[in-house]
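Let's take a walk through a protein chain together, from its overall layout down to individual residues. Keep the 3D view open and turn it as you read.

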Amino acid sequence: MALASKLNHEGIRVYCICGDGELQEGQIWEAAMTSSHYKLDNLCLIVDNNNLQIDGKVDEVMSIYPIDEKFRSFGFEVINIDGHDMNQIINALNKAKTVKGKPTAIIAKTIKGKGVSFMENVADWHGKAPKDEEYKLAMEELN
Ligand SMILES: [Mg+2]
């Protein structure tokens with residue numbers, strides 16, 4: 001989409017969000033290489049770096065660290081942020097708009113289930129919905 005926008009002079013920006021476990025997939029790095037090769041400065045990737053995937057901790061299943069150095073070596077501008085800090089998120093997105101000649105990767109360090117005591121940092125919540133009682137308790141804790 002970012003390449004098509006460049007070729008068609010549409011001037012749109014493309015935002016892509018991916019999980020950290022997803023970075024274990026080869027197609028991610030093919031896309032990263034392509035984005036850099038075509039100087040897609042209209043592309044902004046945001047990595048949700050919670051270090052959890054469906055099978056457990058990312059660094060135990062198959063480490064993808066150091067994420068920032070990997071994307072830098074693939075030609076990206078890299079911005080590391082606290083993914084729970086809205087000011088850092090906004091500043092990073094604004095900075096990405098000013099980058100010329102290369103794509104940007106925002107590595108957002110996050111905690112899965114943040115704010116809900118029984119969900120924080122628990123990989124089991126990767127792919128299941130809470131039961132009614134769990135949902136109620138989670139909403140009480142978030143409020
Ligand atoms: Mg994850």
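The paragraphs below go from the whole chain to its sheet, and then to its core.

What you have on screen is a predicted model. The protein chain has 143 residues, of which 24% count as buried. Its C-alpha trace spans about 50 × 30 × 25 Å along the principal axes. The secondary structure comes to 6 helices and 6 strands, and reading from the N terminus you meet these elements in the order α-β-α-β-β-β-α-α-β-α-β-α. If you like to think in contact maps, take the contacts between residues at least 6 apart in sequence: 72% of them join residues at least 24 apart.

Now find the sheet. Its 4 strands are arranged as E1-E2-E6-E5, with parallel pairing, and the sheet is open. Why does one side of E1 and of E5 lack a neighbour in the sheet? Strand E1 (14-19) and strand E5 (77-82) stand at the edges and each has a single partner strand, so one side of each is left free of a neighbour there. On average, neighbouring strands of this sheet are turned by 20° against each other, direction ignored.

Look next at the individual pairings. Strand E2, residues 43-49, pairs with strand E6, residues 104-109, in the parallel sense over 6 bridges. Here Cys44 has Thr104 in E6 as its bridge partner. Helix H5 (residues 86-98) packs on the sheet and touches E2, E5 and E6, and its direction makes about 170° with that of E5.

E5 and E6 also pair in the parallel sense, over 6 bridges, and Thr104 of E6 turns up again, this time opposite Glu77. To get from E5 to E6 the chain passes through H5, a β-α-β crossover that is right-handed.

That brings us to the interior. In soluble globular proteins, nonpolar side chains tend to be buried together. In this model, the largest nonpolar core has 23 residues, and those with the most contacts inside it are Cys44, Leu45, Ile46, Val47, Ala105, Ile106 and Ala108. Which elements give two or more residues to this core? They are E2, E5, H5 and E6, and E2 provides the largest share, 5 residues.

For a close-up, centre your view on Ala108. Leaving aside neighbours within four places in sequence, Ala108 is in contact with Ile46, Val47, Asp48, Asn49, Ile81 and Gly83. Two of these names, Ile46 and Val47, you have already met among the core residues with the most contacts.

Note on methods:
Residues numbered from 1 in each chain as written. Predicted model: local features only at pLDDT ≥ 70, side-chain atom pairs only at ≥ 80, totals over all residues. Pairing = 2+ DSSP bridges. Axes fitted to C-alpha atoms, helices over the stretch in contact; angles between N-to-C directions. Contact = placed C-beta atoms within 7 Å. Buried ≥ 20, exposed ≤ 12 C-beta atoms within 10 Å, placed from the backbone. Core = buried A, V, L, I, M, F, W, Y, C linked by C-beta atoms within 7 Å. Right-handed = clockwise from strand over helix to strand, strands pointing away.
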